[in-house]
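Thanks, everyone. Let me put the model on the screen and walk you through its packing.

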Amino acid sequence: MVLALGTFAVGTDAFVVAGFLPAMARSLQVTEAIAGQSVTVFAVAYAVLSPILATVTARAPRRTLLVAALAVLGLANLGSALSPSFPMLLATRVLAAAGAAAYTPNAGAVAAALARPESRGRALATVVGGLTVATAVGVPLGGLASQWLGWRAALALVAGACLAVGAGVLAIMPSLPGGPRVPLRVRLGVLRRPAVQAVLPLTVLGMGASYTAYAYSVPALNAVGVEKPASMLFVYGLGAVIGNLAAGYTTDRWGATRVLLGGYVVMASSLGLLGVMAATGLASVGAAAILVVGWGASSWCQTPPQQHRLIAAAPQEASLVVSLNSSAIYSGIGVGTLLGGLTLARGAALMYGAGAVLALAALVLALLTRRS
């Protein structure tokens, strides 16, 4: 549970921008499409830094590493809150990505190491659950805080949460040793394994599909008749929590591939129908809520089965392969956010449609690589 509190803090930081993107864009005098690229910069920095930090910090005691990562994340958010310009904001987002990249993979690897093999899917889902609860609670609350206090105050609150959870991890988590130092070149040799090569591109595609519209959720939800996006982001987060928890149990019971195939079908359908609503002007808050639940659930049902597949493929390098999957997750978020920014000016229907196409591509790839 204490590890999940940490991923809650990380997830709130990573996704909170979606709740106040228009206000931040106006304050920093940039367009919404450009402001959304702060999510892309965070995601790309995370993807690049995750395997590097996994190597550099391999021998560090796990508790010390996790606490230090949360401290860096908190200080970076204070820097973001005080940023006078968009370039300065981007610099602090890179620093925040370093803290997140050091925390999340190691939290997942520690959870997997402490769990019995038959419960590994649920253990991973618990840690990832912190991210999904952040989308359900942290992101909407961040959006509301930005409306009441301003987006800078919202980021300052996120910084305080990161530092508070870091203190909690220090107080509660047992001391665990680090692992042996292994050169990055040797560590990345795991990428030559066919099973690993099959899993990571699927993570990129699936998360890209999930996040094509998410960073721009305020205008995207406005296009389907949702006047108060903060409340619908809570609905998305509720779906994310349900999808993640269900994925943990069903992965242990039915296997990772079936969970992934079902998730991509739901994702493609949800995003495709949201695109139809935006294109035709058939605004319905109730219908949008049902589809947004499906969107959230399918987005966050991916990670437990994907991590399960990777750890099964390389059990001796669990920390590394989980960090590589985290890199793939944030690469996908970066690709999706970039694609969303490119399609935003042409309307929400095209943005939703682009996400649906990526989800269909993920479904095809999952079918092709199911034996791996």
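I'll go through the cores, then the aromatic pairs, then one helix and one aspartate.

A caveat before we start: this is a predicted model.

Start with the nonpolar packing. The largest core holds 89 residues. Which of them touch the most other members? Met-24, Trp-295, Tyr-330, Ile-333 and Tyr-352 do. Now, which helix gives this core its largest share? Helix H5, residues 86-114, with ten residues.

Zoom in on Tyr-330. Leave out residues up to four places away in sequence. Tyr-330 then touches Ala-14 and Phe-15. Tyr-330 also touches Phe-42, Ala-43, Val-44, Tyr-46 and Ala-47.

There is another core, lying apart from the largest one. This other core has 13 residues. Val-190, Val-199, Ala-318 and Ala-328 are among them.

On to the rings. How many aromatic pairs does a search of the whole structure find? Seven.

Take Tyr-211 and Tyr-214. Their ring centres are 5.1 Å apart. Their planes sit at 65°, so we call the pair edge-to-face; the cut-off for that is over 60 degrees. Tyr-211 and Tyr-214 are both buried.

Next, Tyr-236 and Trp-295. The centres of these two rings are 5.2 Å apart. The planes are at 80°, so this pair is edge-to-face too. And where do the two residues lie? Tyr-236 is in helix H11, residues 229-254. Trp-295 is in helix H13, residues 285-300. So the pair ties together parts that are 59 residues apart in sequence. Buried or exposed? Tyr-236 is buried, and Trp-295 is buried as well.

Put the pairs together. Ring pairs join Tyr-211, Tyr-214, Tyr-236, Trp-295 and Tyr-352 into a cluster. You have met two of these names already: Trp-295 and Tyr-352 were on the list of residues touching the most other members of the largest core.

Now helix H14, residues 303-313. This helix is mostly covered, with eight of its eleven residues buried. The buried set begins with Thr-303, Pro-304 and Pro-305. Gln-306, Gln-307 and Arg-309 are in the set. Leu-310 and Ile-311 complete the buried residues of H14.

Last stop, Asp-252. Asp-252 is found in helix H11. Its relative accessible area is 25%, and it counts as partly exposed. How far is its C-alpha atom from that of His-308? The separation is 9.1 Å. Along the chain, Asp-252 and His-308 are 56 residues apart.

That's the tour. Over to you for questions.

Technical notes: Residues numbered from 1 in each chain as written. Predicted model: local features only at pLDDT ≥ 70, side-chain atom pairs only at ≥ 80, totals over all residues. Heavy atoms only, no water. Core = buried A, V, L, I, M, F, W, Y, C linked by side-chain atoms within 4.5 Å. Buried < 20%, exposed > 50% of the residue type's maximum accessible area, 1.4 Å probe, protein only. Helix = DSSP H or I, 4+ residues; strand = E, 2+ residues; numbered from the N terminus. Contact = heavy atoms within 4.5 Å. Phe/Tyr/Trp six-rings, centres within 6.5 Å; stacked < 30°, edge-to-face > 60°.
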